[in-house]
Amino acid sequence: MSDPQQHLNRDIKQLIIDALGLEDITVQDIDDQQPLFGEGLGLDSVDALELGLALQKHFGIKIDADAKDTRSHFSNVASLAAFVTARQAA
């Protein structure tokens, strides 16, 4: 994995922790491929909304909550990083 990609993944992990107030979790505790919802990190739909707003504000991107593929972008840190990279390039 490239260094900029690792940096982006780390930024997203820290954003998840900060935006959702996950005080007992560190960046190292979140694996890039770990599911963010359900059995993984255990986030719910309210967390998804808060995370979406935080991502938009932090990275200056637009997220369409009604788009069919939006949910898949939020499956794990790696998919979120790819989504952010694509949105910033657009």
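So, the Carrier domain: UniProt, in an unreviewed entry, puts that feature at residues 6–88. Keep in mind that what we're looking at is a predicted model. Across residues 6–88, the chain comes out as 55% helix and 0% strand, and the C-alpha atoms at the two ends sit 16 Å apart.

Okay, on to the inside. The largest nonpolar core has 24 residues. The ones touching the most other members are Ile12, Ile16, Leu36, Leu55 and Phe59. As for who builds this core, helix H1, residues 3–20, helix H2 and helix H4, residues 77–89, supply at least two residues each. H1 has the largest share, with 6 residues.

Let me stop at Leu36 for a second. What does leucine 36 touch, leaving out residues up to four places away in sequence? Quite a list: Ile16, then Leu41, Gly42 and Leu43, then Leu51, then Phe74, Ser75, Asn76 and Val77, and finally Leu80.

Now the pocket. The largest one has a volume of about 430 Å³. It's lined by 17 residues, and the closest to the centre are Ser45, Ala48, Leu49, Thr70 and Phe74. Phe74 you've just heard about, as one of the residues Leu36 touches. Two elements give two or more residues to that lining: helix H2, running 45–59, and helix H3, at 70–73. H2 gives the most, 6 residues. So what is the lining like by class? We get 10 nonpolar residues, 5 polar and 2 charged.

If you take one thing back to the bench, take H2: that helix supplies at least two residues of the core, and H2 also gives the most to the lining of the largest pocket.

Notes. Residues numbered from 1 in each chain as written. Predicted model: local features only at pLDDT ≥ 70, side-chain atom pairs only at ≥ 80, totals over all residues. Heavy atoms only, no water. 1 Å grid on protein atoms, 1.4 Å probe; cavity = no way out; pocket = protein on both sides within 12 Å on 5 of 7 lines; lining within 4 Å. Points joined across faces, edges and corners; volume = space filled by probe spheres on them. Helix = DSSP H or I, 4+ residues; strand = E, 2+ residues; numbered from the N terminus. Nonpolar A, V, L, I, M, F, W, Y, C, P; charged D, E, K, R; others polar. UniProt positions renumbered as here; feature names shortened; annotations may be inferred. Core = buried A, V, L, I, M, F, W, Y, C linked by side-chain atoms within 4.5 Å. Buried < 20%, exposed > 50% of the residue type's maximum accessible area, 1.4 Å probe, protein only. Contact = heavy atoms within 4.5 Å.
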